[in-house]
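Good morning, everyone, and thank you for making time for this. I would like to walk you through a structure that is new to most of you, beginning with how its parts meet and then moving to single residues.

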Number of protein chains: 2
Amino acid sequence: MATKRIGKQTIRLQNPPSVLATASVVGPKEGQGPLGSEFDLVEQDMLMGEKSWERAEQKMLSTACQMALSRAGFNSNQIDLMFAGDLLNQTITANFTARDLNIPFFGLYGACSTMVEGLSLGSLMIDGGFADHCLVGTSSHYASAERQYRMPVEYGGQRKPWAQWTVTASGAAIVGPPGGSPQSVTLVTTGKIMDLGVKDPNDMGSAMAPAAADTLLHHFSESGRLPSYYDLIVTGDLGSLGSELCRKLVGQGGLDLGANYDDCGVMIFDPEQDTHSGGSGCGCSASVVYGPLWKRLVKGEINRMLVVGTGALLSTVTYQQGESIPCIAHAVAIENSKEV
Amino acid sequence: MATKRIGKQTIRLQNPPSVLATASVVGPKEGQGPLGSEFDLVEQDMLMGEKSWERAEQKMLSTACQMALSRAGFNSNQIDLMFAGDLLNQTITANFTARDLNIPFFGLYGACSTMVEGLSLGSLMIDGGFADHCLVGTSSHYASAERQYRMPVEYGGQRKPWAQWTVTASGAAIVGPPGGSPQSVTLVTTGKIMDLGVKDPNDMGSAMAPAAADTLLHHFSESGRLPSYYDLIVTGDLGSLGSELCRKLVGQGGLDLGANYDDCGVMIFDPEQDTHSGGSGCGCSASVVYGPLWKRLVKGEINRMLVVGTGALLSTVTYQQGESIPCIAHAVAIENSKEV
């Protein structure tokens, strides 16, 4: 077995890369939510001064990347590799952002698992000796995503009670060599695509929960850790329905996720904000993890965090052709080095 | 600088992974082209017995993956990681194929550069000690791609004389530890996104040529190699117009690509097949490299090959919003080990 693998899906990083800086940018609704004061920047207008939702989303990702670079004390030409992707067709947000940053670029598509996919690959590149510094990031925008996947927001369609709300947000991070900061990426568990036959594009949480549970169960069995090892286990955007289902499925697998389990889609909105099952979208986990949760890590309020990025690989074409929604979940363990 | 980097964009693999097996599957038109007899499987019908173009494309990628697995003597649960992507929104071909193979999966979006993006990342994972065996693959289908990016083929729209023809094809490879075969991946040069302002979605070759030239120039200057080092330098799918432009741009950079430069988009069709500027699509480079060119490598007719995957990150949304087409190109050097 390859030296750094500790199981079928889990890699232990030999020299755990450190995360030098993170940044999060959110839209107005997210700014009004329970975590609002903990994001780095709250935009007051969904268009952010741009002429389209797509340009607004690009500006948001670009701002998060520039903010992370600046906090790490770098300009973009000091970064070796960039990993990014987003929800829009042809991952246009990531592509246009990478164009302007002029960094050697690997484009990703993992739907809302992209935040963890990027952090996984960026960390592997550092540990493998292939890069000194990587920029990783992702984003989503309520209006650009809803238009593409369901219907334009302007139509005012009725949302189903189990629907989630695509978060308007972006997040980015700079990963570097060990020792650059106390926050290290220690384990990477890569997911397989799971598909239990959910076909409702308004029910992403139920579709994604089995993928999240499968990755969690593999992570624990392969690492030999128990859920209690972590101060916080957080899934990306299962929402209230999906995260309860995930907890049940992991329980059926013999593990209790316990009181330290939460979901970024649940955390980002207050039930009174009328988002039904909670937040979703690539920017949901990216902004919550690289914003509020990172601040708690830095303060030492939490020291060991397991982030499970969850992606519903929904396509309008295959949906219309009667196919179900394949889903995936990737996990990374992030630990304060004094605790490792 | 990270130990394995030999320049801003180029990585030298310390223990060059070997490619254990490859496979290529093409459609009927490609089977009638000059390379027709050298592909592993030529489908006789564009629908391949399926009820949609999308399902046909998925069957084609799945067949190539299974063929590569079988030639390497593996079943899918012996593979540690899969890297794949395609041209369709949400990379549905790759996702559904990965679902059925049940391999830990990283989804990519690099348009027609995906073949090299996947081979690059798969090789890095082996060299980094993160995986023993990776499956990499990609595909495209004329009818599914034209419907999504331009107009349904059934409309019978007039094609512009400088247009390229999206190839119906797939290709896959199994990358493994050094010494598993004579064919090794020795250098990886990762591209930056280039955009010189081309806005015509029928002129992908001109849009992509600057990205290809930039990656080639970085590859040669960072590796210290000259174009004459390689028996074959092959770009993905610049077509006849784009490849001539690429040759000129590299010439302006001070290097002569010489007589050993060719383009998969030029090679795959005969001018009499009326494809205008030649072939394009993820499956173009994947099927030509993993099919005919691989056979020449194995026979020793060529021993050192530089493959430059070229991707036009075209989006109908940003095109309609007046944006230009960002492009990217990644390169991998593949060498018979007796020659290294």
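Let me begin with a term: by contact I mean heavy atoms within 4.5 Å. What you see is a predicted model, and in it the contact takes 66 residues from chain B and 66 residues from chain A. The two chains bury about 5,300 Å² between them, and 58% of that lies on carbon and sulfur atoms. On the side of chain B, the residues that lose the most area to chain A are B:Gln90, B:Phe106 and B:Phe130, which together make up 15% of what that side buries. There are charged pairs here as well, since the rule for salt bridges finds 6 of them across the interface of chain B and chain A. One of the salt bridges in this model joins A:Arg5 to B:Asp80, with the closest N and O atoms 3.8 Å apart.

How are the two chains arranged with respect to each other? In general, two copies of a chain are related by a rotation about an axis and a shift along it. Here, chain B is superposed on chain A by a rotation of 180° with 0.0 Å of shift along the axis, and the RMSD is 0.0 Å. That is the relation of a two-fold axis. Because 100% of the interface residues of chain B are also interface residues in chain A, the copies meet through the same surface.

Let me turn now to a helix, H2 of chain A, which runs over residues 53-72. It has 20 residues and reaches 29 Å from its first C-alpha to its last, which is close to the 28 Å expected at 1.5 Å a residue. Among the buried residues of H2(A) are A:Trp53, A:Met60, A:Leu61, A:Cys65 and A:Leu69. The helix is followed by A:Gly73, whose phi is positive, near 80°.

A positive phi also turns up at residues that are not glycines, and I would like to show you two of these. A:Asn102 has a phi of about 60°, and it is found in the loop between helix H3 and strand E5 of chain A. B:Met48 has a phi of about 50°, and its place is the loop between strand E3 and helix H2 of chain B. As for accessibility, A:Asn102 counts as partly exposed, at 38%, whereas B:Met48 is buried, at 4%.

How many disulfides does a search of the whole structure find? The count is 0 over all chains. Take A:Cys246, whose sulfur is 12 Å from the closest cysteine sulfur, in A:Cys327, and therefore too far for a bond. For B:Cys282 the closest cysteine sulfur is in B:Cys112, at 4.7 Å, which is again too far for a bond. A:Cys246 is buried, with a relative accessible area of 0%, and B:Cys282 is buried with a value of 0% too.

I will end with A:Ser280, which sits in strand E12 of chain A, a strand made of residues 279-280. Is A:Ser280 buried or exposed? At 7% relative accessibility, A:Ser280 counts as buried, because the cut-off for that word is under 20%. Leaving aside neighbours within four places in sequence, A:Ser280 is in contact with A:Ser140, A:Gln164, A:Trp165, A:Thr166, A:Val167 and A:Asp237.

Key:
Residues are numbered from 1 along each chain as its sequence is written. Chains are lettered from A and ligands numbered from 1 in the order in which they are written. This is a predicted model: local features need pLDDT of at least 70, side-chain atom pairs count only at pLDDT 80 or more; totals for chains, interfaces and linings use all residues. Side-chain values use heavy atoms; hydrogens and water are left out. Helices (H or I, at least four residues) and strands (E, at least two) are DSSP runs, numbered from the N terminus. Buried means under 20% relative accessible area, exposed over 50%, partly exposed in between (1.4 Å probe, protein chains only). Copies are superposed by least squares on the C-alpha atoms of residues with pLDDT of at least 70 in both. The expected span of a helix is 1.5 Å times one less than its number of residues. A disulfide is a pair of cysteine sulfur atoms within 2.5 Å. Buried area is the accessible area (1.4 Å probe) that two parts lose on being put together, summed over both. A salt bridge is a side-chain nitrogen of Lys or Arg within 4 Å of a carboxyl oxygen of Asp or Glu.
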